[in-house]
Amino acid sequence: MARQLQDRAAQAASGDGPVDLCIINTCTVTGKASMQSRQAVRRATRANPNARIVVTGCYAQTAPQEILDIPGVDLVLGNDGKPRIADMVCNRPADPPSAAAAATAMLEDQRMSRSGRTDRARPFLKIQDGCNARCSYCIVPVARGVSRSLPVEDALSSIERLNEAGYPEIVLTGIHLGHYGLDLDPPSNLLSLLKAIRQLQSARRVRLSSIEPQELTGDLIRFVASAAAGPSAICPHFHVPLQSGDDDILRRMNRPYTREFFRELILRIKHHLPDASVGVDVLVGFPGESEAAFENTCALLDELPVTYLHVFPFSRRSGTPADLLPDQVPAAVLKARCRQIRLIGYNKKLEYYTYFINKTLEVVAESIVDADNGWMKGTSANYLPVMFRGRAEQIRTIVPVRIERVDLQGGVTGTVVS
Ligand code: SF4
């Protein structure tokens with residue numbers, strides 16, 4: 001969205017002074033996210049009383065009236081409005097719609113990639129949007145619609161342009177990445193796309209964002225294992241949502257796998273990729289989650305060689321089946337359980353990071369954090385956030401860093417080796 005506006009000669013504001021136009025891109029994945037979105041809108045209207053205030057994103061898509069009720073808001077747009085946001089706020093006629101323009105903000109990402117401009121050293125390329133699943137707690141299918149994929153040739157040309165522009169790593173993202181390609185004609189899939197990416201002359205490092213357990217097939221794991229090293233690696237990093245380690249809760253969540261399936265999956269990943277990073281989402285306090293069910297989740301996570309956890313407290317979302325379920329978990333219990341799971345995640349992360357002390361990792365240098373002392377930060381192929389001393393010209397390159405220290409906060413430091 002910023003780039004669309006910059007193409008119309010708008011200037012990004014810096015500092016805290018009032019602005020002429022303020023776009024707030026909202027989230028609604030939890031009740032807290034919706035609340036924070038409303039707070040952001042109110043803050044923007046207060047700080048910029050003369051600005052046009054435009055609100056978009058998933059909260060705007062699902063609850064437009066709640067945003068329109070906030071005094072000072074000028075325009076509310078759903079996600080489909082994002083590719084045309086510059087036309088709408090600049091009061092200029094829209095470009096003629098192309099065949100694909102009916103789709104989503106995904107196409108805007110693609111346009112961004114084509115232009116080869118992004119501020120990140122590891123740009124995200126959204127290749128899929130929407131979700132056909134119906135997890136009983138989730139509002140995302142309402143906010144994002146059905147699964148849609150970027151055509152294979154468009155994905156490949158976007159990746160090629162980013163490669164040629166010199167980005168050392170691309171992160172492939174989607175709401176339901178494992179469904180990539182199923183809606184295309186002819187159908188495709190994520191594994192075929194990864195194979196095609198590896199065939200590109202310009203191939204660089206690629207990372208997958210979150211992928212559902214049932215879609216992380218043996219073939220996909222083996223392919224990543226065969227391509228997990230070097231400057232054109234598929235990063236040995238999987239982020240797999242578990243949500244609960246209790247079969248009854250998984251059924252009630254409408255999640256299509258069991259605790260044992262998940263257990264075997266993680267062990268299979270580690271069998272093929274012993275050093276891989278395996279992140280796991282955990283949804284704590286789903287309605288009816290008994291002490292025993294919660295302990296099942298803790299025991300499974302304790303046992304498995306996962307490397308970090310993202311912990312989400314259950315949040316009632318109006319319009320989802322779980323909102324109507326009895327046996328909601330009391331807030332104090334929810335909080336205590338989140339704390340317990342986060343502690344498991346903290347220990348797993350420290351253990352994993354510490355394992356790499358005295359080993360050398362391929363790190364994308366992303367930014368300078370302390371110019372006076374030359375400290376930079378970057379991300380290794382297996383997803384360690386690494387601090388090291390380097391030079392500005394190393395940004396957007398892959399540098400070998402020998403890991404030397406892991407502190408109790410999980411900070412990882414190392415030294416560039418020649
Ligand atoms: S698969 Fe993910 S996005 Fe789709 S409904 Fe389930 S939790 Fe939501």
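**Figure 1. Val-364 meets Thr-379 across a hairpin.** In this predicted model, Val-364 has Thr-379 of strand 13 as its bridge partner. The two strands involved are strand 12 (residues 360–370) and strand 13, which run antiparallel and are joined by six bridges. Together they make a hairpin with four residues between them. Look in the turn for Gly-374, whose phi is positive, at about 75°.

**Figure 2. Strand 13 continues into a second hairpin.** Here strand 13 is viewed with strand 14 (residues 385–389), to which it is joined by five bridges in the antiparallel sense. Lys-377 is a handy landmark, since its bridge partner in strand 14 is Met-387. This hairpin also has four residues between its strands, and Tyr-383 takes a positive phi near 70°. How much of strand 13 (residues 375–380) is buried? Five of its six residues are, so the strand is largely enclosed by the rest of the structure.

**Figure 3. The shell around the ligand.** Which residues would you find around the ligand? Cys-131, Ala-133, Arg-134, Cys-135 and Cys-138 are among them, and so are Val-140, Pro-141, Ile-175, His-176 and Glu-212. By character, the shell divides into seven nonpolar residues, one polar residue and two charged ones.

**Figure 4. Strand 8 and its parallel partner.** Strand 8 (residues 205–208) is a good place to follow alternating side chains: Arg-205 and Arg-207 point one way, while Val-206 and Leu-208 point the other. Are these residues buried or exposed? All of them are buried, the two arginines included. Strand 7 (residues 169–173) pairs with strand 8 in the parallel sense, over four bridges. One pair to pick out is Leu-172 with its bridge partner in strand 8, Leu-208.

**Figure 5. An open sheet of three strands.** The strands of this open sheet follow the order 9-10-11, and their pairing is parallel. At the edges sit strand 9 (237–243) and strand 11 (308–313), each of which pairs on one side only. On average, neighbouring strands of the sheet are turned by 20° against each other, direction ignored. As a reminder, strands of a sheet pair through backbone hydrogen bonds, in either a parallel or an antiparallel way.

**Figure 6. A closer look at strand 10.** Strand 10 (residues 277–284) runs parallel to strand 11 and is joined to it by six bridges. Within this pairing, Asp-281 has His-310 of strand 11 as its bridge partner. Val-284 is also found in strand 10. Why does Val-284 count as buried? It has 24 C-beta neighbours inside 10 Å, and 20 or more are enough to count as buried. Pro-330 lies 46 residues from Val-284 along the chain, and their C-alpha atoms are separated by 12 Å.

**Figure 7. Stepping back to the whole chain.** To place the close-ups, note that the chain is divided into domain 1 (2–89), domain 2 (99–235) and domain 3 (360–416). The centres of domain 1 and domain 3 are 34 Å apart, taken over C-alpha atoms. In all, the chain has 14 helices and 16 strands, and 39% of its 418 residues count as buried. The C-alpha trace spans about 60 × 55 × 50 Å along its principal axes. The radius of gyration is 22 Å, which agrees with the value near 22 Å for a compact globule of 418 residues.

How values were computed:
Residues are numbered from 1 along each chain as its sequence is written. This is a predicted model: local features need pLDDT of at least 70, side-chain atom pairs count only at pLDDT 80 or more; totals for chains, interfaces and linings use all residues. A residue is near a molecule or strand if its C-beta atom, placed from the backbone, lies within 6 Å of it. Ala, Val, Leu, Ile, Met, Phe, Trp, Tyr, Cys and Pro count as nonpolar, Asp, Glu, Lys and Arg as charged, and the others, Gly among them, as polar. Domain bounds come from an automatic or database domain assignment. Two strands pair if DSSP finds at least two bridges between them. Axes are lines fitted to C-alpha atoms, for helices over the stretch in contact, and angles run from 0 to 180 degrees between N-to-C directions. The radius of gyration is taken over C-alpha atoms; the globule rule is 2.2 Å times the number of residues to the power 0.38. A residue is buried if 20 or more other C-beta atoms lie within 10 Å of its own, exposed if 12 or fewer, and partly exposed in between; C-beta atoms are placed from the backbone.
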